[in-house]
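Have the sequence and the model open side by side before you read on. We'll take things one step at a time.

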Amino acid sequence: MKLEITKYLLEKIHAHGEESYPEEVAGFLLGRAGATSRLATEILTFANAREDASRRNRYLLTPQDMLRAESKAEELGVDVIGVFHSHPDHPNRPSEFDMEWAMPWFSYLITCVEEGRAVESRSWRLGDDRSMFEEEEIQVS
Amino acid sequence: MPTLRIPTPLRPYADGQTEISVQGKTVAEALGDLTTQFPELKKHLFSEAGELRAFVNLFLGEEDVRHLQGIETPLKDDDMLRIIPSIAGGNH
């Protein structure tokens, strides 16, 4: 399993994580999916729909955001292939809460933002049986 | 028969299909038929206790069925029911 992403898009994701710090930021990854690898070609960011107090450790993209992302993907002739979000001052591993809410098949790109600086991103996919996340390689081109 | 529209991440569990014709006079019956046709979808739509997972939203036209009659909302033959996930997460 592999997620290919350009340096430009990854830097954009990191910049969003830094701008939103200490709150979480989230958005969709659009692109093309193959059997094992996928290529991100575009990102879409939406406002975190959580109440103010919980934005430091939670994000929410509404069904309307999902619909907009699917329409945009259709317009561009690609698919919604995953979600990116930041973990401010927290490791970039999926949490129990991430797992409970995760969709299968999607790539979940998580960026650790420490003291306002995006440090590293890792990408994960939920296993078919929903019991665990498996890490996928990020290939930056 | 009503039609169910499947979001991208669940399509691999429905033979890659975007829209599926289902039998049923209510949302609950339509979901029952969907998971009978595609049993792999069940664990992603329902918890082990059989409840719809929190991220699963069902829209009839522009309306969330939670604001209609929930899973007992009646369906007509030409209705399109969309499964639209909320995407959520966080660090602890």
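What follows is a walk through chain B, with a short stop in chain A at the end.

A few ground rules come before the tour. This is a predicted model, so to speak, in which local features need pLDDT of at least 70, side-chain atom pairs count only at pLDDT 80 or more, and totals for chains, interfaces and linings use all residues. Residues are numbered from 1 along each chain as its sequence is written, chains are lettered from A and ligands numbered from 1 in the order in which they are written, and side-chain values use heavy atoms, with hydrogens and water left out.

Let's begin with chain B as a whole. It has two helices and six strands; here helices (H or I, at least four residues) and strands (E, at least two) are DSSP runs, numbered from the N terminus. Follow the sequence and you'll meet them in the pattern β-β-α-α-β-β-β-β. The C-alpha trace of chain B spans about 45 × 30 × 25 Å along its principal axes. Its radius of gyration is 13 Å, which agrees with the value near 12 Å for a compact globule of 92 residues. That radius is taken over C-alpha atoms, and the globule rule is 2.2 Å times the number of residues to the power 0.38.

How much of chain B is buried? Of its 92 residues, 54% count as buried, where buried means under 20% relative accessible area, exposed over 50%, and partly exposed in between (1.4 Å probe, protein chains only). As for contacts (heavy atoms within 4.5 Å), take those in chain B with a separation of 6 or more: 46% of them come from residues 24 or more positions apart.

Now zoom in on helix 1 of chain B, residues 27-37. Its buried residues are Val27(B), Ala30(B), Leu31(B), Asp33(B), Leu34(B) and Thr35(B). These pack against strand 1 (3-5), strand 2 (19-21), helix 2 (42-45), strand 3 (56-60) and strand 5 of chain B.

Just look at the loop between strand 2 and helix 1 of chain B, and you'll find Val22(B). Val22(B) is buried, with a relative accessible area of 1%. Leaving out residues up to four places away in sequence, Val22(B) touches Met1(B), Pro2(B), Leu4(B), Ala30(B), Asp33(B), Leu34(B) and Gln37(B).

Thr73(B) sits in another loop, between strand 4 (63-64) and strand 5 (80-85) of chain B. Why does Thr73(B) count as buried? Because its relative accessibility is 4%. Its side chain makes polar contacts, reaching the backbone nitrogen of Gln69(B) at 2.9 Å and the backbone oxygen of Gly70(B) at 2.6 Å. A polar contact is a pair of N or O atoms within 3.5 Å; within protein, one must be able to donate a hydrogen and the other to accept it, and residues adjacent in sequence count only if both atoms are side-chain atoms. Beyond four places in sequence, Thr73(B) touches Lys25(B), Thr26(B), Val27(B), Leu60(B), Val65(B) and Leu68(B).

Finally, hop over to chain A for some backbone details. Most residues other than glycine have a negative phi, and most peptide bonds are trans. The peptide bond from Tyr21(A) to Pro22(A) is cis, with omega near 5°, and Pro22(A) lies in the loop between helix 1 (7-20) and strand 2 (26-33) of chain A. Asp89(A), a residue other than glycine, has a positive phi near 50°.
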